Amino acid sequence: MRLARTLALLLCLTAGALVAKPAGIADFVRIKPSDVQWHDIPGGHGAQMATLAGDPTKPGLYVIRAKFPPHVMDFPHWHPNDRYVTVLQGTWYTGIGVVFDPKHAVALPPGSFMLHPARAPHWDGSAGDETVIVQIMGEGPGTTTAVDPSQPFWIEVSR
């Protein structure tokens, strides 16, 4: 009887060890481009967003992607915290300040990086014939505040 109890205890401990995550091993996240779950941005003229990690509406690190269809940009706005942006696809047109003028935008090709400092007004998007995808990392909550709330946030442009 004693041997049976000892064997049962060892069996339970072994099973628990196999199921438990080893100490110091983090949860890995793997997302292929085809697995990205895009969501339409309301009123965004076809612009979309996807959250890859974290939650931009809550405190903590987040990683999102934004997709701009051809000729769709946003008007001047700012964010409360720094945001780190990498261009993944297409040419992303960016401007700084409160004056929206796509003719003076800086074109950033794939692989480019831009820092949006906290509370710094800027505007960006696709001023060309191609879809643009950028990846954005930041510290939440990551809200967006329009410089001029009386203007529509999204606009279709030609350069």
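Strand 1 (39-40), strand 2 (48-53), strand 3 (60-68), strand 4 (72-78), strand 9 (122-125) and strand 10 each supply two or more residues, that is at least two, to the lining of the largest pocket. The model in which this pocket is found is a predicted one, and the pocket itself has a volume of about 420 Å³. Its lining is made up of 26 residues, and those closest to the centre of the pocket are Ile41, Met49, Ile64, Arg83 and Thr144. Among the contributing elements, strand 3 provides the largest share of the lining, with 3 residues. Sorted by character, the lining of this pocket holds 12 nonpolar residues, 10 polar residues and 4 charged residues.

Stepping back to the whole chain, the reader will find that the secondary structure of the protein consists of 1 helix and 12 strands. Followed along the sequence, these elements give the pattern α-β-β-β-β-β-β-β-β-β-β-β-β, and of the 159 residues of the protein, 33% count as buried.

The surface has a feature of its own, for Leu61, Tyr84, Phe113, Leu115 and Met137 form a nonpolar patch there, and together these residues have about 480 Å² of accessible area. One member of this patch, Met137, lies in strand 10, which covers residues 132-140, and strand 10 is also one of the strands that supply at least two residues of the lining of the largest pocket. Is Met137 buried, partly exposed or exposed? Met137 counts as partly exposed because its relative accessibility is 35%, and partly exposed residues are those between the limit for buried, under 20%, and the limit for exposed, over 50%.

Definitions and conventions:
Residues numbered from 1 in each chain as written. Predicted model: local features only at pLDDT ≥ 70, side-chain atom pairs only at ≥ 80, totals over all residues. Heavy atoms only, no water. Patch = residues over 30% accessible without salt bridge, like charges linked within 9 Å, V, L, I, M, F, W, Y side chains within 5 Å. Areas by Shrake-Rupley, 256 points an atom, 1.4 Å probe, with all protein chains shown as cover. Salt bridge = Lys/Arg side-chain N within 4 Å of Asp/Glu carboxyl O. Helix = DSSP H or I, 4+ residues; strand = E, 2+ residues; numbered from the N terminus. Buried < 20%, exposed > 50% of the residue type's maximum accessible area, 1.4 Å probe, protein only. 1 Å grid on protein atoms, 1.4 Å probe; cavity = no way out; pocket = protein on both sides within 12 Å on 5 of 7 lines; lining within 4 Å. Points joined across faces, edges and corners; volume = space filled by probe spheres on them. Nonpolar A, V, L, I, M, F, W, Y, C, P; charged D, E, K, R; others polar.
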